[in-house]
Amino acid sequence: MFGRDDHHERTLSAPAICAGVGVHSGERVRLAIRSAPTGTGVVFVRTDVTDRDNRIPVSGAAVVEARLNTMIENADGVRLSTIEHLMAAFAALGVSNVIVEVDGPELPILDGSALPFVQLLDRAGFRRQQAPVRYIEILEPIVVEEGDKRAALLPCDRYEMRFEIDFDSKVIGNQVVDFVVDEATFRDQIMAARTFGFAHEVEALRRAGLARGGSLENAVVIDGDTILNPGGLRMEREFVKHKALDAIGDLYVLGAPLLGRYEGVKAGHALNNQLVRALLAAPHAWREVTRVPELAQVG
């Protein structure tokens with residue numbers, strides 16, 4: 001979507017289907033992404049739930065927990081976790097309307113990045129829809145802070161992102177990435193960056209019922225000042241690029257791409273969702289716009 005001249009909504013040409021393991025649940029899940037009509041947005045369906053409403057439309061308000069992933073929930077209490085990497089792929093590839101069927105409580109982690117999801121969507125192909133894309137234009141700064149963590153949305157005539165992290169580990173240290181969020185940049189620099197964690201945290205996470213499906217196949221694991229993965233890193237500054245990937249997915253729960261600049265310092269899923277909610281609570285700070293010439297309008 002970003003960088004495309006055709007500012008129309010997009011769905012898939014054919015179903016995209018895969019299976020894998022949930023990084024926190026450790027359960028094997030199957031995933032089917034199907035085309036949807038204009039106005040649908042992104043809707044997840046828990047096909048394993050049959051005794052109540054199993055549809056979970058994505059929205060800022062639907063995010064209920066964001067400790068180590070982004071989890072959404074519907075009014076009937078049906079939940080789905082770890083949606084952020086697929087949401088980032090939807091955002092960068094301009095996918096506006098899809099139904100995502102999953103037969104478990106968590107999306108598959110695959111290799112820990114958005115790359116397999118992008119490949120899956122590419123194979124399915126894309127179909128242009130008649131409705132113009134609605135962009136969320138940031139008019140006034142929105143800032144949320146928590147200790148030394150910060151996330152902000154600032155006015156800008158395109159979608160930009162700056163992210164900074166700072167870890168005591170010599171493997172990571174201080175890293176910054178600053179880029180225009182468009183499809184080409186996402187494919188070239190961001191989508192293959194994997195999630196990461198520290199070996200000493202794994203046991204505590206598993207006692208808490210998390211990271212049960214985590215492995216060197218789907219995460220970069222750091223032990224002291226050593227990367228345990230045999231192949232090492234995929235790219236320079238892979239750690240901060242993955243945090244940027246997460247932020248792209250977390251912000252796409254707004255249901256539309258941004259015309260604004262996101263700046264994050266040590267921000268995670270929880271702070272990103274606080275930012276989304278702060279934006280939605282400040283209607284004076286943003287507006288919906290379209291960029292199709294014959295339909296140019298402010299919504």
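This report describes the core, strand pairing, aromatic contacts and backbone outliers of a predicted model.

**Core**

The largest nonpolar core holds 83 residues, and the members that touch the most others are I33, F44, F90, M161, F186 and Y262. Helix α1, residues 84–93, gives the most to this core, contributing eight residues. For F44, the contacts outside its neighbours within four places in sequence are N54, R55, I56, V58, I72, L80, I83, L86, M87, V100 and L107.

Helix α5 spans residues 238–251 and has 14 residues. From its first C-alpha to its last, α5 reaches 20 Å, close to the 20 Å expected at 1.5 Å a residue. Burial is under 20% relative accessible area; 14 of the 14 residues of α5 are buried, so the helix is largely enclosed by the rest of the structure.

**Strand β19 and its partners**

Strand β19 covers residues 258–265, and seven of its eight residues are buried, so this strand is also largely enclosed by the rest of the structure. The pairings of β19 with β11, β13 and β14 are listed below, each with one residue pair that stands in register.

| Partner of β19 | Sense | Bridges | Residue pair |
|---|---|---|---|
| β11 (residues 135–138) | parallel | two | E137 opposite L259 |
| β13 (residues 149–155) | antiparallel | six | L153 opposite Y262 |
| β14 (residues 160–166) | parallel | five | E160 with R261 |

Y262, which stands opposite L153, is also among the core residues that touch the most other members.

Strand β14 pairs with β15 as well: seven bridges join the two, and they run antiparallel. D166 in β14 has N174 as its bridge partner in β15. Strand β15 covers residues 174–180 and has a covered face made of Q175, V177 and F179. Its uncovered face carries N174, V176, D178 and V180. In a regular strand the side chains alternate between the two faces of the sheet.

**A three-stranded open sheet**

Three strands form an open sheet in the order β6-β7-β8, with antiparallel pairing. Strands β6 (63–65) and β8 (79–80) stand at the edges with a single partner strand each, so one side of each has no neighbour in the sheet. Strand β7, residues 71–73, is joined to β8 by two bridges. The bridge partner of E73 in β8 is R79.

**Aromatic pairs and charges over rings**

The structure holds four aromatic pairs. F167 and F196 form an edge-to-face pair, 5.8 Å centre to centre with 75 degrees between the planes. This pair links distant parts of the chain, with F167 in the loop between β14 and β15 and F196 in strand β16 (residues 196–198), 29 residues apart. F167 is partly exposed at 28% relative accessibility, whereas F196 is buried at 17%.

The rings of F167 and F198 have their centres 5.8 Å apart and their planes at 40 degrees, so this pair is tilted. F198 lies in strand β16 and F167 in the loop between β14 and β15, so the pair ties together parts that are 31 residues apart in sequence. F198 is buried, with a relative accessibility of 14%. F167, F196 and F198 belong to one aromatic cluster together with F239.

Two arginines lie over aromatic ring faces. R10 lies over the face of F126, at 4.3 Å from the ring centre. R291 lies over the face of Y135, at 5.9 Å from the ring centre.

**Positive phi values**

Most residues other than glycine have a negative phi. T82 has a positive phi of about 60 degrees, although it is not a glycine. T82 lies in the loop between β8 and α1, and at 5% relative accessibility it counts as buried.

R237 likewise has a positive phi, near 55 degrees, and is a residue other than glycine. R237 sits in the loop between β18 (226–227) and α5. Its relative accessible area of 31% makes R237 partly exposed.

Key:
Residues numbered from 1 in each chain as written. Predicted model: local features only at pLDDT ≥ 70, side-chain atom pairs only at ≥ 80, totals over all residues. Heavy atoms only, no water. Core = buried A, V, L, I, M, F, W, Y, C linked by side-chain atoms within 4.5 Å. Buried < 20%, exposed > 50% of the residue type's maximum accessible area, 1.4 Å probe, protein only. Helix = DSSP H or I, 4+ residues; strand = E, 2+ residues; numbered from the N terminus. Contact = heavy atoms within 4.5 Å. Pairing = 2+ DSSP bridges. Expected span 1.5 Å × (residues − 1). Phe/Tyr/Trp six-rings, centres within 6.5 Å; stacked < 30°, edge-to-face > 60°. Lys NZ or Arg CZ within 6 Å of the ring centre and 35° of its normal.
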